[in-house]
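Here is a short note on aromatic ring pairs. Please read it with the structure open.

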Amino acid sequence: AIYWPAEGSLTIEGSAAIEGDTGIEARMGTITIEGGTISGMGEPIEGLPTGGGACVEGSALLVCSQMYDKCVTSPNLDVVITDGLFSSVNGHAVTVQNMKKNEVPASLVISGGEFVANGAEALGEKAANEDKADVTTIAISGGLFSSEVAEKNCAEGFIPVFIYEGVYGVANIYSFAGTVSAYGDGKVNRNVAVFDGDATLEFVE
């Protein structure tokens, strides 16, 4: 597992295999995930994670910004995901939790990857109180998810789509032409997305 409470950059790519009660816990800095397999094996917890130290809560990726004293440059947290497999046995594949009294800006940008949660929604969100619910900016423009993507978490110009049973994603509302990657048992249904409006959604070989 990886616990990253520091400034600086971390890049995960290729065939990296990361497993723990929480796969990766991100609290500060810039984390870029371009591949690999990240697995969360622990049990979910009630409420928010601890204010200091690693948190065992079952997610493959826990995005949890927190104010640290004596930062050299910035306490901000930015997570960018372009590829990789994120899976959780009991919880969310990705959990975004904002700490109480937290004023630290954070962002989660997802443009690819696979997100599988056996015990919950693929992407889960918690906040200490309502006025902190949007401290972390989420922008999803790609990827495959085991549950529906919330519209508010789609990147600008994207909408949630149903791909086939148990697999969801997003699509550009103006135009979409691409290949949906084989997922799980390899079944791919390229003509199932339905939505209102004038936009055309096209899946092609």
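**Aromatic pairs**

1. Start with Phe145. It has 3% relative accessibility, so Phe145 counts as buried. Keep in mind that this is a predicted model.

2. How many aromatic pairs does a search of the whole structure find? The search finds three. Two of them are described below, beginning with Phe86 and Phe115. These rings are stacked, at 4.9 Å centre to centre and with 10° between the planes.

3. Where do these two residues sit? Phe86 belongs to strand S7 (residues 77–88), and Phe115 belongs to strand S10 (residues 114–117). The pair therefore ties together parts that are 29 residues apart in sequence.

4. Are the partners buried or exposed? Phe86 has 0% relative accessibility, so it counts as buried. Phe115 is also at 0% relative accessibility and therefore counts as buried.

5. Phe115 also pairs with Phe145. Their ring centres are 4.7 Å apart, and their planes meet at 10°. Why is this pair stacked? Planes under 30 degrees apart count as stacked, so the 10° angle puts Phe115 and Phe145 in that class.

6. The second pair also links two strands. Phe115 is in strand S10, while Phe145 is in strand S13 (residues 144–145). This pair therefore ties together parts that are 30 residues apart in sequence.

7. Put the pairs together. Phe86, Phe115 and Phe145 are linked by ring pairs into a cluster.

Note on methods
Residues are numbered from 1 along each chain as its sequence is written. This is a predicted model: local features need pLDDT of at least 70, side-chain atom pairs count only at pLDDT 80 or more; totals for chains, interfaces and linings use all residues. Side-chain values use heavy atoms; hydrogens and water are left out. Rings of Phe, Tyr and Trp (its six-membered ring) pair if their centres lie within 6.5 Å; planes under 30 degrees apart count as stacked, over 60 as edge-to-face and the rest as tilted. Helices (H or I, at least four residues) and strands (E, at least two) are DSSP runs, numbered from the N terminus. Buried means under 20% relative accessible area, exposed over 50%, partly exposed in between (1.4 Å probe, protein chains only).
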